[in-house]
Amino acid sequence: MKLNIALLAGDGIGPEVIDQAVKVSDKIAEKFGHEISWTPALTGAAAIDAVGEPYPDSTHAVCEAADAVLFGAIGHPRFDNDPSAKVRPEQGLLKMRQKLGLFANVRPTFTFPSLIDKSPLKRERIEGTDLVFLRELTSGVYFGERGRKDDGNTAYDTMTYTREEIQRLAKKGFELAMTRSKRLCCVDKANVLESSRLWRETVQAMEKEYPEVTVSYEFVDAVAMRLVQWPSDYDVLITENLFGDILTDEASVISGSMGLMPSASVGTDNKLYEPIHGSYPQAAGKDIANPLATVLSAAMMFEDFGLTTEAKAIRDVVNKSLAEGYVTEDLADGAKAFKTSEVGDWLVTNI
Ligand code: IPM
Ligand code: MN
């Protein structure tokens, strides 16, 4: 297969972890007879510095022309501490999601047998955890009307959803549930929010199209609690943008390190793969960040192209590196820590 992939390394540790995913993907391509051409493009603070905006049209054109986008991370502390900044790296991410129509963010949480005791939760609570959040990504309070009034002393952000936005996300949830344990949890706040009541009404109306799927409806606050009590109870969860942002960060540490979980953002025409973690500016340029979430994001990309053996080869070599202790400092726990690039090289040699 010939693949044309847009490569958006972004900020902070983005370039370092992306390098490892590229090395691993190229090795997989070589081994299984594929051809990948990578087209780099600017995004985030790096793009602001170069051309004054975080998601330039030239980058959008590269993404649209590609079969998929592999993305590193976005964000820089010099913007976080400046509430008056007119352009922010994160705006680039939101613009990219919207312009590419990436309405469904697929964020899995699973455990690695060799890391079970690195989790902040007890072994018996997390064993067997294998869940997937489908977070709505291009609507809700992130994109609703916002502003200031009363001379700047009152601020508002609005959570708006249309039935159609809920349906297209829920459809992906039902379809995913059909390929797994046929359980779907709709996470909302329907006891308070009107938009959540529309979510519930819409998902309930879709149930009859998927008679084999058992649907549960839970409030977001209860899910936040049950997720750390009994994570293995969950399978596929669907939710709106902000609830999903918060819950998927919570879920991402269950596996033992934030540096492990991959994600995909998909829409009708485009697909983007990225680690769940952020740009980790304190580690930028030090060659210490964990590249595995990005490498596993590349595995999700191969999987979505129907290249399941290739995806499995990546997951297998990642498991092997964890089991044999070829890990970065976040997982080394007193034992020898390897550099980001050393872990990448080890994966390549062992594929
Ligand atoms: C994420 C991030 C982004 C979000 C930020 C950087 C805008 O936290 O991808 O989860 O809130 O969606
Ligand atoms: Mn987030």
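Reader: Which oxygen or nitrogen contacts link ligand 1 to the side chain of arginine 97?

Author: A polar contact is a pair of N or O atoms within 3.5 Å. In this predicted model, an oxygen atom of ligand 1 is 2.7 Å from an N or O atom in the side chain of arginine 97, while another such pair, at 3.0 Å, involves a polar side-chain atom of arginine 107, and the side chain of aspartate 245 has an N or O atom 2.9 Å from a ligand oxygen. Taken alone, ligand 1 exposes 320 Å², of which the protein buries 76% (areas by the Shrake-Rupley method with a 1.4 Å probe).

Reader: Which residues surround ligand 1?

Author: Counting residues with a heavy atom within 4 Å, they are Glu90, Leu93, Arg97, Arg107, Arg135, Tyr142 and Asp245.

Reader: How many residues does the largest nonpolar core have?

Author: In soluble globular proteins, nonpolar side chains tend to be buried together. A nonpolar core is a set of buried Ala, Val, Leu, Ile, Met, Phe, Trp, Tyr and Cys residues joined through side-chain atoms within 4.5 Å, where buried means under 20% relative accessible area (1.4 Å probe, protein chains only). The largest one here has 69 residues, and Leu347 is among those with the most contacts inside it. Apart from this core lies another, of 16 residues, including Ile116 and Cys185.

Reader: How should I read the numbering and the limits of the model?

Author: Residues are numbered from 1 along each chain as its sequence is written, and chains are lettered from A and ligands numbered from 1 in the order written. Local features need pLDDT of at least 70, side-chain atom pairs count only at pLDDT 80 or more, and totals for chains, interfaces and linings use all residues, while side-chain values use heavy atoms, leaving out hydrogens and water.

Terms used:
Buried means under 20% relative accessible area, exposed over 50%, partly exposed in between (1.4 Å probe, protein chains only). A polar contact is a pair of N or O atoms within 3.5 Å; within protein, one must be able to donate a hydrogen and the other to accept it, and residues adjacent in sequence count only if both atoms are side-chain atoms.
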